[in-house]
Amino acid sequence: MIWVIIIVIAVVVVIAFKLGSTSGQVIGSINNSGGMRVKYAKLLNNILSGHKDSKIFAETRTYIKAGVSNYGGTTLFHIQQSTGNKVIIQYEVKNNPVVPSFQLTWTFPDDMDQDEMRNVIVLDIQRKMMQRF
């Protein structure tokens with residue numbers, strides 16, 4: 001019985017170490033790039049220039065939430081640095097009196113040109129809006 005407990009503890013320790021190591025690598029990569037605001041500056045600039053009330057709502061070492069929230073609803077971009085040199089971008093529209101709530105999600109290589117990311121995102125949003133109307 002004691003051996004089962006020791007094995008379970010060992011497995012938990014190994015899993016925790018792997019998760020911590022991966023997380024540390026992601027954070028280190030972002031820090032080496034100057035942080036999320038610097039690494040994704042071009043993309044953030046495009047997001048923030050879309051509306052005069054746009055701002056960054058939340059930021060951690062591996063995540064940024066930016067967009068606009070006012071009487072016309074909420075439109076947010078969630079940019080999450082992921083493992084495997086990937087970035088996950090989620091677009092969220094909610095509480096809009098004209099457009100029904102929806103979300104779109106993309107996964108890009110984190111070294112992909114941010115103008116190309118923007119182009120893919122814009123085309124997908126346009127397609128989604130055309131489906132809605």
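**Strands, a core and a buried pair**

User: Hi! Which residue in β5 does Lys86 stand opposite?

Analyst: Lys86 stands opposite Pro109 in β5. Strands here are DSSP runs of E with at least two residues, and helices are runs of H or I with at least four residues, each numbered from the N terminus. This is a predicted model, where local features need pLDDT of at least 70 and side-chain atom pairs count only at pLDDT 80 or more, while totals for chains, interfaces and linings use all residues. Residues are numbered from 1 along each chain as its sequence is written, and side-chain values use heavy atoms, leaving out hydrogens and water.

User: Cool. How many bridges pair β4 with β5?

Analyst: β4 (residues 86–94) pairs with β5 over 8 bridges, in the antiparallel sense. For two strands to pair, DSSP must find at least two bridges between them. Ile89 stands opposite Trp106 in β5.

User: And what about β3 and β4?

Analyst: β3 and β4 are antiparallel too, over 9 bridges. Phe77 has Tyr91 in β4 as its bridge partner. The two strands form a hairpin with 3 residues between them, and Gly84 in the turn has a positive phi of about 70°.

User: What's the order of the strands in the sheet?

Analyst: The sheet is open, with 5 strands in the order β1-β2-β3-β4-β5 and antiparallel pairing. β1 (55–59) and β5 stand at the edges with a single partner strand each, so one side of each has no neighbour in the sheet. From one strand to the next, the twist averages 20°.

User: Which strands does α3 lie across?

Analyst: Helix α3 (residues 41–48) lies across β1, β2 (63–70), β3 (73–82) and β4, and runs at about 10° to β2. Angles run from 0 to 180 degrees between N-to-C directions, using axes that are lines fitted to C-alpha atoms, for helices over the stretch in contact. α4 also packs on the sheet, where it touches β3, β4 and β5, and its direction makes about 155° with that of β5.

User: Which residues of α3 are buried?

Analyst: Leu43, Leu44 and Ile47. Buried means under 20% relative accessible area, exposed means over 50%, and partly exposed is in between (1.4 Å probe, protein chains only). Seen down the axis of α3, its buried residues fall within an arc of 95°, so they line one face of the helix. That arc is taken from the directions from the helix axis to the C-beta atoms.

User: Nice. Which residues touch the most other members of the largest nonpolar core?

Analyst: Ile79, Ile89, Tyr91 and Trp106, out of 22 residues in that core. A nonpolar core is a set of buried Ala, Val, Leu, Ile, Met, Phe, Trp, Tyr and Cys residues joined through side-chain atoms within 4.5 Å. At least two residues of this core come from each of α3, β2, β3, β4, β5 and α4.

User: New topic: where does Asp110 lie?

Analyst: Asp110 is in the loop between β5 (102–109) and α4 (114–132). Asp110 counts as buried because its relative accessibility is 10%. Among its contacts (heavy atoms within 4.5 Å) beyond neighbours within four places in sequence are Lys39, Tyr40 and Met117.

User: Which side chain does Asp110 join in a polar contact?

Analyst: The side chain of Gln81, at 3.0 Å. A polar contact is a pair of N or O atoms within 3.5 Å; within protein, one must be able to donate a hydrogen and the other to accept it, and residues adjacent in sequence count only if both atoms are side-chain atoms. Gln81 is in strand β3 and is buried, at 5% relative accessible area. The Gln81 side chain also reaches the backbone oxygen of Lys86 at 3.0 Å.
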